[in-house]
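Grab the model and work through these exercises with it open. Each one sets a task, then walks through a solution.

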Amino acid sequence: MAEEAVREMRASFAAGRTRPAEWRAAQLRALVRMIDEKEADITAALHDDLAKPHMESYLHEISLAKSSCKFALNGLKNWMKPEKVPAAITTFPSSATIVPEPLGVVLIISAWNYPFLLSIDPVIGAIAAGNAVVLKPSEIAPATSSMFAKLLPEYVDSTCIKVVEGGVSETTALLEQRWDKIFYTGSGTVGRIVLAAAAKHLTPVALELGGKCPAIVDSDVDLHVAVKRLAVGKWGCNNGQACIAPDYIITTKSFAPELVDSLKRVLERFYGKDPLESADLSRIVNSKHFQRLTNLIEEKRVADKIVYGGQIDEKKLKIGPTILLDVPQDTALMTGEIFGPFLPIVTVEKIEDSIDVVNSKTKPLAAYLFTKNKKLQQDFVANVPAGGMLVNDVALHLTNPYLPFGGVGDSGTGSYHGKFSFDCFSHKKAVLVRGFGGEAAARYPPYTPEKQKILRGLINGSFIALILALLGFPRERR
């Protein structure tokens with residue numbers, strides 16, 4: 001099936017079906033229509049997969065996907081235009097342009113935590129760039145995967161945009177094929193498998209992974225506002241099952257008690273005295289991930305550090321917001337990405353020491369800082385490598401289509417969103433056009449000292465050398 005899907009896509013792409021701006025725009029408009037007409041279906045699928053609150057489904061997935069489509073529609077004609085660039089003196093007279101062209105047939109493997117947005121957003125970029133697309137939704141979010149398989153063929157050109165469902169065996173079969181690009185969102189473990197498979201065909205990849213995203217909290221902040229933003233960025237983002245959710249907080253020892261107290265008050269206001277009964281808190285995606293998470297906090301050295309929460313309900317696959325203080329750094333909770341509702345707080349003597357703590361770990365997908373201190377902000381931006389950063393809030397940087405979204409190092413490679421999505425699925429082809437004038441005799445053998453002098457002058461930008469070259473010096477012997 002994988003081989004057949006690729007063959008059909010290649011035939012459609014080779015026929016030039018996906019290249020016209022009209023085709024690309026028609027598919028994007030169809031996606032907008034699908035989002036409008038099938039919002040209830042999308043919301044229901046997200047609730048089936050994750051018990052995701054309707055407000056979260058709309059804010060974090062549906063509205064962002066629709067905005068992404070509209071942004072691409074508005075920018076498409078300009079994005080497709082060849083970009084004129086200066087021509088060098090050595091090629092005078094000539095014109096130079098950069099022509100964006102589609103890569104061909106691309107594979108998009110999406111994630112389960114935001115199964116609608118993280119599937120459709122890269123598809124939007126691939127379509128805008130003029131590619132044929134195979135989408136492999138995550139089998140861990142089966143309702144959303146099934147919805148895509150049913151709905152997409154009703155709205156878009158199924159000869160060029162195809163959904164392939166399945167688990168590990170189907171994904172493995174897809175990865176054995178030759179693609180013109182693979183876009184993968186998920187864990188670093190699977191990311192390495194994708195990269196190894198792509199290497200066999202020298203296929204370029206974009207890997208949107210994750211990591212331990214830090215949030216540094218200074219003591220000079222508006223604490224109530226900061227804590228609300230931290231809480232909604234952690235537990236209001238799929239109950240912590242988000243690659244850009246804060247993975248841990250760093251603050252000073254002296255400020256930690258005040259921060260913990262404020263977090264407790266805000267969490268109780270958000271989710272009530274029994275958060276497991278809250279309809280505003282997503283469940284853990286499945287029993288496997290539930291077990292992984294409960295294992296993290298069952299270790300005695302971790303369990304002893306819980307200062308709030310820790311409620312679990314295996315039957316409902318629910319875990320309440322949990323705050324921990326000064327968990328040992330060598331525990332599994334602190335060495336791997338949590339991807340769940342636990343938020344450990346690491347304390348330092350001086351807030352400036354927090355940058356060293358962040359840099360002692362792998363480069364995160366996102367890094368957050370809450371402060372009014374401009375010097376600390378400057379040091380943070382200058383000295384912390386991260387996919388993206390946000391000062392005094394959480395997660396909102398991904399909503400700006402003018403900013404690239406992607407990782408660095410272990411948190412991923414490549415970026416997308418807005419025009420960056422178009423660029424992600426395009427090749428920037430260099431085109432230089434010359435006429436038959438402007439012949440420089442110095443360019444051709446036999447090489448002489450006079451020719452070398454003129455060529456050196458040309459390369460160094462000498463106007464006199466250019467004039468001499470255009471006049472045909474040194475004169476050729478007939």
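**Exercise 1. How far apart in helix H1 are Glu-3 and Arg-7, and how do their side chains meet?**

Start with the helix: H1 covers residues 2-14, and Glu-3 and Arg-7 are 4 residues apart in it, so about one helical turn separates them. (Helices here are DSSP runs of H or I with at least four residues, strands are E runs of at least two, and both are numbered from the N terminus.) Next, the side chains: Glu-3 and Arg-7 meet in a salt bridge, at 3.9 Å from N to O. That term needs a side-chain nitrogen of Lys or Arg within 4 Å of a carboxyl oxygen of Asp or Glu. Last, the surroundings: Arg-7 is exposed, with a relative accessible area of 51%. The cut-offs are under 20% for buried, over 50% for exposed and in between for partly exposed, using a 1.4 Å probe and protein chains only.

Before going on, keep in mind that this is a predicted model, where local features need pLDDT of at least 70 and side-chain atom pairs count only at pLDDT 80 or more, while totals for chains, interfaces and linings use all residues. Residues are numbered from 1 along each chain as its sequence is written, and side-chain values use heavy atoms, with hydrogens and water left out.

**Exercise 2. Look at the salt bridge of Lys-136 and Glu-139: is Lys-136 buried or exposed?**

Step one is the distance, which is 3.1 Å from N to O. Step two is accessibility: Lys-136 has just 1% and counts as buried, whereas Glu-139 is partly exposed at 36%.

Now try the pair Lys-428 and Asp-423, whose closest N and O atoms are 3.4 Å apart in a salt bridge. Here Lys-428 is partly exposed at 38%, and Asp-423 is partly exposed too, at 24%.

Finally, zoom out. The structure holds 22 salt bridges, and Arg-10, Arg-178 and Asp-180 are linked in a network of them.

**Exercise 3. Where is Thr-203 found, and what is Thr-203 in contact with?**

First find the loop between helix H8 (188-199) and strand E7 (205-208); Thr-203 is there. Then check burial: at 9% relative accessibility, Thr-203 counts as buried. Now list the contacts (heavy atoms within 4.5 Å). Leaving aside neighbours within four places in sequence, Thr-203 touches Trp-179, Asp-180, Lys-181, Ile-182 and Ala-198.

**Exercise 4. In what order do the 7 strands of the open sheet run, and which helices pack on the sheet?**

Trace the order: E10-E13-E14-E9-E8-E15-E16, with mixed pairing. Strands E10 (306-308) and E16 (388-391) stand at the edges with a single partner strand each, so one side of each has no neighbour in the sheet. From one strand to the next, the twist averages 25 degrees.

Zoom in on one pair: E9 (residues 248-252) and E14 (residues 342-348) pair in the parallel sense over 4 bridges. (Pairing takes at least two DSSP bridges between two strands.) One partnership to spot is Thr-252 with Val-348 in E14.

Then add the helices. Helix H9 (residues 223-234) lies across E8 (214-217), E9, E14 and E15 (366-370), running at about 160 degrees to E15. Helix H15 (residues 374-383) packs on the sheet, touching E8, E15 and E16, and its direction makes about 170 degrees with that of E15. For these angles, axes are lines fitted to C-alpha atoms, for helices over the stretch in contact, and values run from 0 to 180 degrees between N-to-C directions.
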